[in-house]
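Student: Hi! I have a new model open on my screen and would like to talk it through. Could you walk me around it?

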Amino acid sequence: PRVPFSSDLEARIAARIPFAWTDDQASAVAAVRAGLASGSPLGLLLQGDVGTGKTAVAVFAALAVVAAQMQVAFLAPTELLAEQHFAGVA
């Protein structure tokens, strides 16, 4: 299914992200936005060093999908990281 985007949705999501996107993060967000809006299966790999904002980009995608009243599975490779994400994102 397509995930619709609007300027209102973008503003609501931006209000939950406590910093401005870097150029690379903005590029990743644009790729996610385009992929989700296309309605085609989204096959993206978000790669970066620790602290580069991968989780923030994933949260952007998750919030957009939830706003479209669909479900999201947010996975982490370790229990500790899952707990950190739960504490910081939920």
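**The surface patch**

Tutor: Happy to! Let's begin on the outside, where V66, V72 and F74 make a nonpolar surface patch of about 230 Å². Bear in mind that this is a predicted model.

Student: Where does F74 lie?

Tutor: F74 sits in the loop between α3 and α4.

Student: And is F74 buried or exposed, or something in between?

Tutor: F74 counts as partly exposed, because its relative accessibility is 35%, and the cut-offs are under 20% for buried and over 50% for exposed.

Student: What else is in that loop? Where is Q69 found?

Tutor: Q69 is found in the loop between α3 and α4. Its phi is near 65 degrees, which is a positive value in a residue other than glycine. Q69 is exposed, since its relative accessible area is 75%.

Student: Since it's predicted, what pLDDT does the protein chain average?

Tutor: The average is 91, and 99% of the residues score at least 70. Among the elements, helix α2 (residues 23–38) has the highest mean pLDDT, 94, while helix α4 (residues 79–89) has the lowest, 89.

Student: Good to know. Let's go inside: which residues of the largest nonpolar core touch the most other members?

Tutor: This core has 14 residues, and those touching the most other members are V3, I13, V32, L36, V57, F60 and A64. At least two core residues come from each of α1 (7–16), α2 and α3 (54–67).

Student: Which helix gives the most?

Tutor: That's α3, which gives 6 residues to this core.

Student: V3 caught my eye. What does V3 touch?

Tutor: Leaving aside residues up to four places away in sequence, V3 touches L36, A37, A64, V65, A68 and M70.

Student: And F5, where is its place?

Tutor: F5 is in the segment before α1. With the same allowance for residues up to four places away in sequence, F5 touches E10, R33, L36, A37, F60 and A64.

Student: Is F5 buried, or partly exposed?

Tutor: Partly exposed, because its relative accessibility is 23% and buried would need a value under 20%.

Student: How far is F5 from E79?

Tutor: Their C-alpha atoms are separated by 32 Å, and the two residues are 74 residues apart along the chain.

Student: Let's switch to charges. How many salt bridges are there?

Tutor: The count comes to 2 salt bridges. In one of them, the side chains of E10 and R33 meet at 2.6 Å, N to O. This pair links distant parts of the chain, with E10 in helix α1 and R33 in helix α2, 23 residues apart.

Student: Are E10 and R33 buried or exposed?

Tutor: They fall in between. E10 counts as partly exposed because its relative accessible area is 22%, and R33 is also partly exposed, with 28%.

Student: Which side chains meet in the other salt bridge?

Tutor: Those of R12 and D8, at 3.7 Å, N to O. Both residues lie in helix α1, 4 residues apart, which is about one turn of the helix.

Student: What about the accessibility of R12 and D8?

Tutor: R12 is partly exposed, with a relative accessible area of 48%. D8 counts as partly exposed too, because its relative accessibility is 46%.

Student: Great, and why can side chains like those pair?

Tutor: Side chains of opposite charge can pair when their charged atoms come close.

How values were computed
Residues numbered from 1 in each chain as written. Predicted model: local features only at pLDDT ≥ 70, side-chain atom pairs only at ≥ 80, totals over all residues. Heavy atoms only, no water. pLDDT = per-residue confidence, 0-100. Core = buried A, V, L, I, M, F, W, Y, C linked by side-chain atoms within 4.5 Å. Buried < 20%, exposed > 50% of the residue type's maximum accessible area, 1.4 Å probe, protein only. Contact = heavy atoms within 4.5 Å. Patch = residues over 30% accessible without salt bridge, like charges linked within 9 Å, V, L, I, M, F, W, Y side chains within 5 Å. Areas by Shrake-Rupley, 256 points an atom, 1.4 Å probe, with all protein chains shown as cover. Salt bridge = Lys/Arg side-chain N within 4 Å of Asp/Glu carboxyl O.
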